[in-house]
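Here are some short exercises to work through with the structure open beside you. Try each task before you read its solution.

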Amino acid sequence: MSILTILEFPDERLRKKAVPVKNLDNSHQQLIDDMLETMYHAGGIGLAATQVNIHLQILVIDTSEEKNAPLCLMNPQIISKEGAFEYKEGCLSVPEVFEKIIRPSNIIVKGLDRHGETIEIEAIDLLSTCIQHEMDHLRGKLFVDYLSTLKRQRIKTKLEKMHRLESKE
């Protein structure tokens with residue numbers, strides 16, 4: 001397994017829409033394993049393939065305390081949603097930024113598991129938020145897009161400055 005490079009906002013590659021996975025093979029299994037390793041290594045609870053510059057509809061999640069319940073969803077689609085849940089979201093592609101976002105609290109999502117089998121998951125609160133957050137990545141959307149233009153611009157400026165300082169080291 002390998003640790004993959006995570007793209008960071010405002011990198012335009014994060015805006016590219018992912019395409020559905022077709023013809024599942026060993027390369028997809030390797031990608032899923034690498035994404036899980038990358039997510040765990042970075043201390044996240046979710047990662048979309050878009051964030052590692054692979055534009056396929058694949059996401060991995062593990063919201064368990066022990067980090068021992070990985071979930072993989074390919075070609076996910078929300079088939080129902082209701083309620084509202086506010087959560088202070090962060091993102092591995094937007095480091096050191098946390099903002100309150102309101103999303104549906106209960107969703108039912110359908111997709112493929114890592115073996116290509118159709119699965120349907122009923123998710124509430126944190127898992128629901130995480131799935132929706134990662135699905136946004138697959139559509140080229142970031143959680144900062146839910147914020148005001150001013151707040152998003154401040155975050156962009158802060159991260160650009162951080163990237164400039166890192167590149168000088």
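**Exercise 1: the hairpin**

Task: find the bridge partner of K88 in strand 5.

Solution. Start at K88 and look across to strand 5, where its bridge partner is K100. Now zoom out: strand 4 (85-91) and strand 5 (94-103) run antiparallel and are joined by six bridges. The two make a hairpin, with two residues between them. Strands here are DSSP runs of E with at least two residues, helices are runs of H or I with at least four, and both are numbered from the N terminus. Two strands count as paired if DSSP finds at least two bridges between them.

A word on the model before going on: it is predicted, so local features need pLDDT of at least 70 and side-chain atom pairs count only at pLDDT 80 or more, while totals for chains, interfaces and linings use all residues. Residues are numbered from 1 along each chain as its sequence is written, and side-chain values use heavy atoms, with hydrogens and water left out.

**Exercise 2: the open sheet**

Task: work out in what order the five strands of the open sheet lie, and which strands are at its edges.

Solution. Step one: the order is 1-2-3-6-7, and the pairing is antiparallel. Step two: strand 1 (46-48) and strand 7 (118-124) are the edge strands, as each pairs on one side only. Step three: from one strand to the next, the twist averages 40 degrees. Here axes are lines fitted to C-alpha atoms, for helices over the stretch in contact, and angles run from 0 to 180 degrees between N-to-C directions.

Next, look inside the sheet. Strand 3 (residues 71-82) and strand 6 (residues 106-112) run antiparallel, with six bridges joining them. As a landmark, S80 stands opposite I108 in strand 6.

Finally, add the helix. Helix 1 (residues 26-42) packs on the sheet and touches strand 1, strand 2 (58-61) and strand 3, making about 40 degrees with the direction of strand 2. Contact means heavy atoms within 4.5 Å.

**Exercise 3: two helices**

Task: check why a span of 20 Å suits helix 2, then find which residues of each helix are buried.

Solution. First, the ruler: the expected span is 1.5 Å times one less than the number of residues. Helix 2 (residues 125-138) has 14 residues, so it should span 20 Å, and its end C-alpha atoms are indeed 20 Å apart. Helix 1, with 17 residues, reaches 24 Å from first C-alpha to last, close to the 24 Å expected.

Second, burial. Buried means under 20% relative accessible area, exposed means over 50%, and partly exposed is in between, using a 1.4 Å probe and protein chains only. Helix 2 is mostly covered, with eleven of its 14 residues buried; among them are C130, H133 and L138. In helix 1, the buried residues include L31, M35 and M39, and their cover includes strand 1, strand 2 and strand 3.

Third, the ends. G43 comes just after helix 1 and has a positive phi of about 80 degrees. G140, just after helix 2, also takes a positive phi of about 80 degrees.

**Exercise 4: backbone oddities**

Task: is N23 buried or exposed, and what about N75?

Solution. N23 sits in the segment before helix 1 and has a positive phi of about 50 degrees although it is not a glycine. With a relative accessible area of 69%, N23 is exposed. N75 is in strand 3, and its phi is near 50 degrees, again positive in a residue other than glycine. N75 has a relative accessible area of 17%, so it is buried.

One more stop: the peptide bond from F9 to P10 is cis, with omega near 15 degrees. P10 is found in the segment before helix 1.

**Exercise 5: a loop residue**

Task: where does S64 lie, and is it buried or exposed?

Solution. Follow the chain to the loop between strand 2 and strand 3, and there is S64. Its relative accessible area is 15%, so S64 is buried. For a distance check, the C-alpha atoms of S64 and I45 are separated by 8.4 Å, and the two residues are 19 residues apart along the chain.
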